[in-house]
Amino acid sequence: MARTISIGRQDFEKIRINNNFYIDKTDFIRQWWEEGDDVTLITRPRRFGKTLNMSMVEQFFSVDYAGRSDLFEGLSIWQEEKYRQLQGTYPVIALSFAKVKETSYQDARKRICQIIKDLYNQFDFLVDSGKLNNSEKEAYHNISADMEDYVAADSLNALSNYLMRYYGKKVIILLDEYDTPMQEAYVGGYWDKLAAFTRSLFGAAFKTNPYMERALMTGITR
């Protein structure tokens with residue numbers, strides 16, 4: 001029986017579970033990993049399958065998908081033993097700025113901070129893990145949509161630190177459509193403010209982050 005193509009589906013797990021038609025792109029994982037770059041940026045226009053690939057990478061590396069060999073069996077990446085052993089062994093921070101399309105700087109900043117807050121909510125088990133001291137627990141609870149700029153700037157770096165201490169391994173950070181807010185900022189006339197905000201956030205998360213193993217970013221701008 002012919003497989004359903006399932007147009008628009010961006011969740012790798014759903015495609016595999018439902019046996020949808022899928023062109024095997026898992027060798028990208030091997031190529032990316034063997035390049036050994038700290039941060040990789042992939043720029044393509046919309047509808048090139050970037051989000052699906054990010055979902056594939058997240059589900060390959062994330063500890064949340066440990067033991068999910070069923071998602072990768074029969075695909076290219078599963079041919080090598082060292083990659084079979086690598087699946088599901090890293091803490092992964094995955095976020096997307098694809099929906100940050102506000103018309104003002106205040107709203108765009110608040111949306112980005114809310115995305116980070118939602119990310120922290122996913123890992124709130126860290127607060128009671130015994131890995132955080134009292135000041136770090138307080139800082140964890142201070143992450144919000146209205147947090148100060150300096151708190152937001154350090155938020156992804158701090159979360160990387162907490163996760164590394166909990167799992168004993170440096171984190172992989174995945175950021176989909178990093179530049180969607182910047183496109184809206186250019187059109188809306190608040191480019192300089194948002195550029196300064198994201199420069200601080202990205203600098204701490206990707207450039208000066210000793211708790212990061214690798215990072216992968218996608219963008220929709222040339």
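**Exercise 1. Find the surroundings of S62.** Which residues does S62 touch, not counting residues up to four places away in sequence? Is S62 buried or exposed?

*Solution.* Start with the contacts: leaving out residues up to four places away in sequence, S62 touches G88, Y90 and V92. Keep in mind that you are looking at a predicted model. Next, place the residue: S62 sits in the loop between α3 and α4 (81-86). Finally, turn to accessibility. Buried means under 20% relative accessible area. S62 has 2% relative accessibility, so S62 counts as buried.

**Exercise 2. Describe D107.** In which helix does D107 lie, and how far apart in space are D107 and A145, C-alpha to C-alpha?

*Solution.* Begin with the helix: D107 belongs to α5, which covers residues 105-122. Then check accessibility. The partly exposed class runs between the 20% and 50% cut-offs. The relative accessibility of D107 is 41%, and therefore D107 counts as partly exposed. Last, take the distance: from C-alpha to C-alpha, D107 and A145 are 9.9 Å apart in space, with their positions 38 residues apart in sequence.

**Exercise 3. Explore the second largest pocket.** How many residues line the second largest pocket, and which lie nearest its centre?

*Solution.* First, count the lining: 14 residues line this pocket, and E58, A94, L95, S96 and Q122 lie nearest its centre. Second, see where the lining comes from: the elements giving two or more residues are α3 (50-61), β2 (92-96), α5 and β3 (171-176). Third, sort the lining residues by kind: seven are nonpolar, four polar and three charged. To finish, add the volume of the second largest pocket, about 310 Å³.

Conventions: Residues are numbered from 1 along each chain as its sequence is written. This is a predicted model: local features need pLDDT of at least 70, side-chain atom pairs count only at pLDDT 80 or more; totals for chains, interfaces and linings use all residues. Side-chain values use heavy atoms; hydrogens and water are left out. Helices (H or I, at least four residues) and strands (E, at least two) are DSSP runs, numbered from the N terminus. Buried means under 20% relative accessible area, exposed over 50%, partly exposed in between (1.4 Å probe, protein chains only). On a 1 Å grid over the protein atoms alone, a cavity is a set of points where a 1.4 Å probe fits but cannot get out, and a pocket is an open set with protein on both sides within 12 Å along at least five of seven lines; lining residues have an atom within 4 Å of a point. Grid points are joined across faces, edges and corners, and a volume is the space filled by probe spheres set on the points. Ala, Val, Leu, Ile, Met, Phe, Trp, Tyr, Cys and Pro count as nonpolar, Asp, Glu, Lys and Arg as charged, and the others, Gly among them, as polar. Contact means heavy atoms within 4.5 Å.
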